[in-house]
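Trainee: Got a minute to go through this one with me? I have the chain open and would like to know what to look at.

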Amino acid sequence: MNGTYCLKINCKKNSKIPIGRLGRIEFKKGWYLYIGSASGGIEARVLRHLRKRKKLFWHLDHLLAAEGTGVEKIYFIQSEKRLECFISKMVSLVLKPVKGFGSSDCRCRGHLYLFPEDHLARVEDLLINKHRFKSFSNRDFIQKMGKKGLEIKPGAHRDFLAGKGNNKIG
Ligand SMILES: [Zn+2]
């Protein structure tokens, strides 16, 4: 399955974490939002992000393998097109990116955003209401994946790709 996902990441303490070639980056205690996508095997990709032990490959691997960080919520959409940069641009209108994080292969300033808790409603409105992402808690995602899959129907965001609907953050 192809798709785009956003992860709400909890950083439990202020810390400096080495992120591959980006070097040591300062993370604040609080929430971060990461936007990514995968062509084929997106379920496996997200499950990989939820595992602590793994070979560190993406910037995100370094962050999530660090002590005191973890994914709390997953927003997920099945899509043929890669929507990560588009969604990232929308999110960048309200949140501040961590420069260069997750955006080595594109022109975005970053795909990881500092995510103040009081922006939760606004970001969820963008993802869930406007772009029809499904949201899962970490535990739900693992449970559903283990049973019968996510049951996400393709075309749930057809209107959006057809240019209908409002793509701006309200
Ligand atoms: Zn991008």
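Trainee: How many strands form the open sheet, and in what order?
Mentor: Keep in mind that this is a predicted model. The open sheet is formed by 6 strands, in the order S6-S7-S4-S1-S5-S8, and the pairing is antiparallel. Its edge strands are S6 (96–97) and S8 (134–137), each of which pairs on one side only.

Trainee: And what does the chain have in helices and strands overall?
Mentor: There are 6 helices and 8 strands. Along the sequence the pattern reads β-β-β-β-α-α-β-α-β-β-α-β-α-α.

Trainee: How many bridges join S1 to S4?
Mentor: S1 and S4 run antiparallel and are joined by 9 bridges. To find the register, start from Tyr 5: its bridge partner in S4 is Gly 36.

Trainee: What about S2 and S3, how do they sit together?
Mentor: They form a hairpin, with 5 residues between the two strands. S2 (residues 15–18) and S3 (residues 24–27) run antiparallel, with 4 bridges joining them. Ser 15 stands opposite Phe 27 in S3. In the turn, Gly 20 has a positive phi of about 50 degrees.

Trainee: Switching to helices. Which residues of H4 are buried?
Mentor: In H4 (residues 120–130), the buried ones are Val 123, Leu 126 and Leu 127. They lie on the same side of H4, because they cover an arc of only 80 degrees around the axis.

Trainee: Why would residues three or four places apart point the same way?
Mentor: An α-helix has 3.6 residues a turn, so residues at that spacing point the same way.

Trainee: Which residues are exposed on the other side of H4?
Mentor: Ala 121 and Asn 129 are exposed there.

Trainee: And what do the buried residues of H4 pack against?
Mentor: Three strands and a helix: S1 (3–11), S4 (30–38), S5 (69–78) and H3 (84–92).

Trainee: Which residue just after H4 has a positive phi?
Mentor: That is Arg 132, at about 60 degrees. A positive value here belongs to a residue other than glycine. Arg 132 lies in the loop between H4 and S8.

Trainee: Is Arg 132 buried, exposed or partly exposed, and why?
Mentor: Arg 132 is partly exposed, because 18 other C-beta atoms lie within 10 Å. Counting as buried takes 20 or more.

Trainee: OK, the core. How many residues has the largest nonpolar one?
Mentor: It has 37 residues. Among those with the most contacts inside it are Tyr 5, Cys 6, Tyr 32 and Ile 74. At least two residues of this core come from each of S1, S4, H1 (42–50), H2 (59–65), S5, H3, S7 (112–114) and H4.

Trainee: What does Cys 6 touch?
Mentor: Leaving out residues up to four places away in sequence, Cys 6 touches Leu 33, Tyr 34, Ile 35, Tyr 75, Ile 87, Leu 127 and Phe 133. Leu 127 is one of the buried residues of H4.

Trainee: How much of the chain counts as buried?
Mentor: 32% of the 170 residues. Of the contacts with a separation of 6 or more, 68% are between residues 24 or more positions apart.

Trainee: Last one: where is Lys 54, and is it buried or exposed?
Mentor: Lys 54 is in the loop between H1 and H2. Lys 54 is exposed, because only 11 other C-beta atoms lie within 10 Å and the cut-off for exposed is 12 or fewer. Not counting residues up to four places away in sequence, Lys 54 touches Arg 48, Asp 61 and Ala 65.

Key
Residues numbered from 1 in each chain as written. Predicted model: local features only at pLDDT ≥ 70, side-chain atom pairs only at ≥ 80, totals over all residues. Arc of directions from axis to C-beta. Contact = placed C-beta atoms within 7 Å. Pairing = 2+ DSSP bridges. Core = buried A, V, L, I, M, F, W, Y, C linked by C-beta atoms within 7 Å.
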